[in-house]
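Work through the following exercises with the sequence and the 3D structure open beside you. Each task is followed by a solution that goes step by step.

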Amino acid sequence: MIHNMEVHPTLFQILADSKFEFYLTGSKFFGGARIDSDHDFFVEDSEEVHAFLRNLGFEEVAFPKLYGGETCTALYEIGSIHIQVVKNLDQKHRAQTWLAQNANMALVPKNARVHLWNAAMNACK
């Protein structure tokens, strides 16, 4: 299942039809996306989700600190789709909801967003 976006019949449909819960995030969720912006998602960590993503052709890549060191355990990508694998899906979703309601993330420089995410994650424990 994919939350927060309309699904098109592509790889997105495969993600949506899976048993895993994928949440749209990044500029496509918070606003400020350009026509060439990537699609960012997060999903709960499990061995099964890692295998699922690898079987679809996603590659695990090193992730920068802006993805939130303790929250994100892995980052997968294929083309312009990035999927953060996170320790606590509910906490990340609550933090994202809080940020969407209380911060204009599109106006925050990308390298500073990690501080807002960390504060929101700590508040949503």
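The model in view is a predicted one.

**Exercise 1. Lys19 and its partner**

Determine whether Lys19 is buried or exposed, and find which side chain meets that of Lys19 in a salt bridge.

Solution. Begin with accessibility: Lys19 has a relative accessibility of 60% and therefore counts as exposed, since the cut-off for that class is over 50%. Next, look for a partner of opposite charge; the side chain of Lys19 meets that of Glu48 in a salt bridge, with a distance of 2.5 Å from N to O. Then place the two residues in the fold: Lys19 lies in the loop between helix H1 (11-17) and E2, whereas Glu48 belongs to helix H3 (residues 47-55), so the pair ties together parts that are 29 residues apart in sequence. Finally, consider Glu48 itself, which is partly exposed, with a relative accessible area of 44%.

**Exercise 2. The count of salt bridges**

State how many salt bridges the model holds, and describe the one formed by Arg34.

Solution. The count comes to 2 salt bridges. Arg34 forms one with Asp36, and the closest N and O atoms of this pair are 3.1 Å apart. As for accessibility, Arg34 is exposed at 56%, and Asp36 is exposed as well, with a relative accessible area of 55%.

**Exercise 3. The faces of helix H3**

Identify the buried residues of H3, and work out how they are arranged around the helix axis.

Solution. First list the buried residues of H3, which are Val49, His50, Phe52 and Leu53. These residues cover an arc of only 165 degrees around the axis, which puts them on the same side of H3. A general rule helps here: an α-helix has 3.6 residues a turn, so residues three or four places apart point the same way. Turning to the other side of H3, one finds Glu47 and Asn55 exposed. The last step is to ask what the buried residues of H3 pack against, and the elements are H1, E2, E3, strand E5 (72-78) and E6. Beyond the helix, H3 is followed by Gly57, whose phi is positive, near 100 degrees.

**Exercise 4. Strand E2 between its neighbours**

Decide which residues cover the two faces of strand E2, and name the bridge partner of Tyr23 in E3.

Solution. Strand E2 comprises residues 22-25, with Phe22 and Leu24 on one side and Tyr23 and Thr25 on the other; all of them are buried, and both faces are thus covered. E2 pairs with strand E3 (residues 39-44) in the antiparallel sense, over 3 bridges. Within this pairing, Tyr23 has Phe42 of E3 as its bridge partner.

**Exercise 5. Helix H4 from end to end**

Describe the length of H4, its buried face and the elements that this helix packs against.

Solution. Helix H4 (residues 89-102) has 14 residues and spans 20 Å from its first C-alpha to its last, close to the 20 Å expected at 1.5 Å a residue. Its buried residues are Leu89, Gln91, Lys92, Ala95, Gln96 and Leu99. Seen down the axis, they fall within an arc of 165 degrees, so they line one face of H4. The face turned away from this buried side carries the exposed residues Asp90 and Gln101. The buried residues of H4 pack against E2, helix H2 (27-30), E3, strand E6 (81-86) and helix H5 (113-123). At the start of H4, finally, a side-chain oxygen of Asn88 comes to within 3.2 Å of the backbone nitrogen of Asp90.

Note on methods. Residues are numbered from 1 along each chain as its sequence is written. This is a predicted model: local features need pLDDT of at least 70, side-chain atom pairs count only at pLDDT 80 or more; totals for chains, interfaces and linings use all residues. Side-chain values use heavy atoms; hydrogens and water are left out. Buried means under 20% relative accessible area, exposed over 50%, partly exposed in between (1.4 Å probe, protein chains only). Helices (H or I, at least four residues) and strands (E, at least two) are DSSP runs, numbered from the N terminus. Two strands pair if DSSP finds at least two bridges between them. A salt bridge is a side-chain nitrogen of Lys or Arg within 4 Å of a carboxyl oxygen of Asp or Glu. The expected span of a helix is 1.5 Å times one less than its number of residues. The arc is that of the directions from the helix axis to the C-beta atoms. Contact means heavy atoms within 4.5 Å. A polar contact is a pair of N or O atoms within 3.5 Å; within protein, one must be able to donate a hydrogen and the other to accept it, and residues adjacent in sequence count only if both atoms are side-chain atoms.
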